[in-house]
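Trainee: Could you take me through one part of this model in detail? I would like to look at the salt bridges and then see how they sit within the rest of the fold.

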Amino acid sequence: MLALSSAATVAAAVWAYLVVGHGGYWRASQWLPQVTGEPGRWPDVVAVVPARNEAAILPATLPALLGQDYPGPLSVILVDDGSTDGTAEVAARLGRGSTRTLRVVAGTPPPEAPEPPEAPEAPEAPVPPDAAGRWAGKVWAMAQGLRAAGIPAGSDPGRASRADPGCGYVLFTDADIGWEPGALRALVTAAEGDDRDLVSQMALLRTATGWERVVVPAFVYFFAQLYPFRRVNKPGSRTAAAAGGCMLVRRGALEASGGVAPIRGALIDDVAMGAMIKGQRGRCWLGLSRQVVSVRPYPGLASLWQMVARSAYTQLNYSPLLLAGTIIGLLFSYALPPAAAITGLTLLAAGAPAATAPAALAAGAGLAAWALMSLSYLPMLRLYRLSSLRAPGLPLIALLYAAMTADSARRHYAGRGAEWRGRTNRTRTNRTRLR
C-alpha cells in the first residue's frame, strides 16, 4: 500500500506540472491572432489538395474551397492520387462554372528509392520508411501539386527567401475539409499581419456518433499535450507542429527549403512540415478553428482505431523503448490515479487500522490527480460542445489509446505499416530490404 500511495503522490505532482507548467496545452486558447486591418495587397494563394478515392466526399467540400470569400487570386490544384472511384471526374464536374481556377492533376506513382547497400548481419532494428529516400504517398501527391504550381519538389534550397514580398502562399488542405466562406481570408490576414511563414489550424473533427464523441476530443487533447500550441507559436521554441488539414505556407519558405523534398518520407507530414519551417527559422502558428471542419465520418470504433493506429508507432520513431515508455506513461499518468483513489477509499471504508495512513494518502493523491486531469479535459469537451460529465472518463479513453498504440507497433512488425486512403506504406525491419 505504501508503494501505491507513493506512486499516486508522484502522479499528482505530474498532473500539477501538466496543468500549471506544460505550455497551457489544455486551455484550448489558441485561436487566429487578431490583427489590425487587412493586407493592402492580397497575395496569390494556390490550394493543393491530395485526393485518393474521394469522389463521395468532394461534393461536400470542394465547392466551399472554390467559393472562398477571398479578395485575392485563388486557384486550386487537386492531385488525383491513383483513385479508382472517379475522383478526377467528380472534381472536374464540380469545378465547372466556378469563378476560381481548378486544375485536376493526374498523380503518378512515387519514384523508386535507390537500393540500399548490402550490410553485414547485425542486431535487428526497425528501419523508418524514408531511410532509403522513399516518398510517402501523401507527400508525393503534395510535391506533384507544388510542381503544378511552379515549385519543383527538388528546387534548390535557399533560392527564395521568406522576406520575398508578394510571393504568395500555398494552402495544403485535405479533401475532407469543409471551409466556411471567410476562413481563407482570415488565415491570410493573420499570416500577413503577424508575419508568419506557416499558419495552421486544427480542423474541427466530426463528433456525430457515440464513438466519435469518445475518441475525437481526446485525439486533439493528446495531440496538444505532445505539441503544446503556445510553444509551437513562440518564436525560438523548439516545439514544432502543424495540422495537415489546413496549412497555409509562405511560398518563399517552401522554395527556400526545396519544396517538400526534405520531408519526402514523412508519414506524419504536418508535424514534419512544422519542423521543416521552424528549422529554417520560420515563424509558425498553430491553433484551433470552428471555420475549418472535417466532414469525414468515422461511424464505428474500427475506423477510429485505424485513424490512430496507422501513425501512432511512426510518431514514436519505431522505437520499442519509446513505445514501452509511452504505454507505461499512459498507465502511470491516467490509469494509476483512479486506481489508487478507488483502492484507498475501499481500504478506508473497510476500516483496516494498519493501512489507514497509506490508504488515506493513496486516496487523496489519486483523487487530486484524477481531478486535475478531468479539469484539464473540460476545455476540449466545451470546444466540441460535449457534456463536462465525460471528463472523469478520460482514464478509460487513455487506456483505449494505449491499446491503439500497441496495435500500431504490432502492425509495423507484421509488415502492414501505415495506410493513407487505401495505400499501405509497408515498413519492415532490416531482415527485409526496403523496396
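Mentor: Happy to. Let's begin with Arg296 and Glu54, whose side chains meet in a salt bridge with an N to O distance of 2.6 Å. This pair links distant parts of the chain, 242 residues apart. Arg296 sits in the loop between strand E8 (284-294) and helix H10 (301-315), while Glu54 belongs to the loop between strand E1 (45-51) and helix H2 (58-66). Are these two partners buried or exposed? Arg296 has a relative accessibility of 14%, so this residue counts as buried. Glu54 is buried as well, because its relative accessible area is 4% and the limit is under 20%. Do keep in mind as we go that this is a predicted model.

The structure holds 15 salt bridges, so let me show you some others beside that one. Arg185 forms a salt bridge with Asp69, and here the closest N and O atoms are 3.7 Å apart. Arg185 lies in helix H5 (residues 183-193) and Asp69 in the loop between H2 and strand E2 (74-80), so the pair ties together parts that are 116 residues apart in sequence. Both ends have some access to the surface: Arg185 is partly exposed at 22% relative accessible area, and Asp69 is partly exposed at 42%.

Next, follow helix H5 to the loop after it. Asp197, in the loop between H5 and strand E6 (198-204), is linked to Arg250 in strand E7 across 53 residues of chain. Their side chains meet in a salt bridge of 3.1 Å, N to O, and both residues are buried. This pair does not stand alone, since Glu192, Asp195, Asp197 and Arg250 are linked in a network of salt bridges.

Strand E7 deserves a moment of its own. The strand covers residues 246-250, and Cys246 is found in it. With a relative accessible area of 0%, Cys246 is buried. What surrounds this cysteine, leaving aside its neighbours within four places in sequence? Its contacts are Phe172, Trp179, Leu187, Val199, Ser200, Gln201 and Val292. Cys246 also lies 9.6 Å from Val293, C-alpha to C-alpha, although 47 residues separate the two in sequence.

Now move towards the end of the numbering, where helices pack against each other. The axes of helix H12 (residues 356-383) and helix H13 (residues 394-413) come within 10 Å and cross at roughly 80 degrees. H12 and H13 are therefore roughly perpendicular to each other. Trp370, Met373 and Tyr377 make the contact from H12, and Leu394, Pro395 and Ile397 make it from H13. On the surface, Leu396 and Leu399 join Leu331 in a nonpolar patch with about 280 Å² of accessible area together. Leu331 comes from helix H11 (residues 320-350), and at 38% relative accessibility this leucine counts as partly exposed.

Finally, let's step back to the whole protein. It has 13 helices and 10 strands, and 53% of its 435 residues count as buried. Among contacts with a separation of 6 or more, 83% are between residues 24 or more positions apart. The accessible surface comes to about 18,600 Å², and carbon and sulfur atoms account for 59% of that area.

Key. Residues are numbered from 1 along each chain as its sequence is written. This is a predicted model: local features need pLDDT of at least 70, side-chain atom pairs count only at pLDDT 80 or more; totals for chains, interfaces and linings use all residues. Side-chain values use heavy atoms; hydrogens and water are left out. Patches are made of residues with over 30% relative accessible area and no salt bridge: like charges are joined within 9 Å, nonpolar side chains (Val, Leu, Ile, Met, Phe, Trp, Tyr) within 5 Å. Accessible areas come from the Shrake-Rupley method with a 1.4 Å probe; for residues, only the protein chains shown count as cover. A salt bridge is a side-chain nitrogen of Lys or Arg within 4 Å of a carboxyl oxygen of Asp or Glu. Helices (H or I, at least four residues) and strands (E, at least two) are DSSP runs, numbered from the N terminus. Buried means under 20% relative accessible area, exposed over 50%, partly exposed in between (1.4 Å probe, protein chains only). Axes are lines fitted to C-alpha atoms, for helices over the stretch in contact, and angles run from 0 to 180 degrees between N-to-C directions. Angles under 35 degrees count as roughly parallel, over 145 as roughly antiparallel, 65 to 115 as roughly perpendicular and the rest as oblique. Contact means heavy atoms within 4.5 Å.
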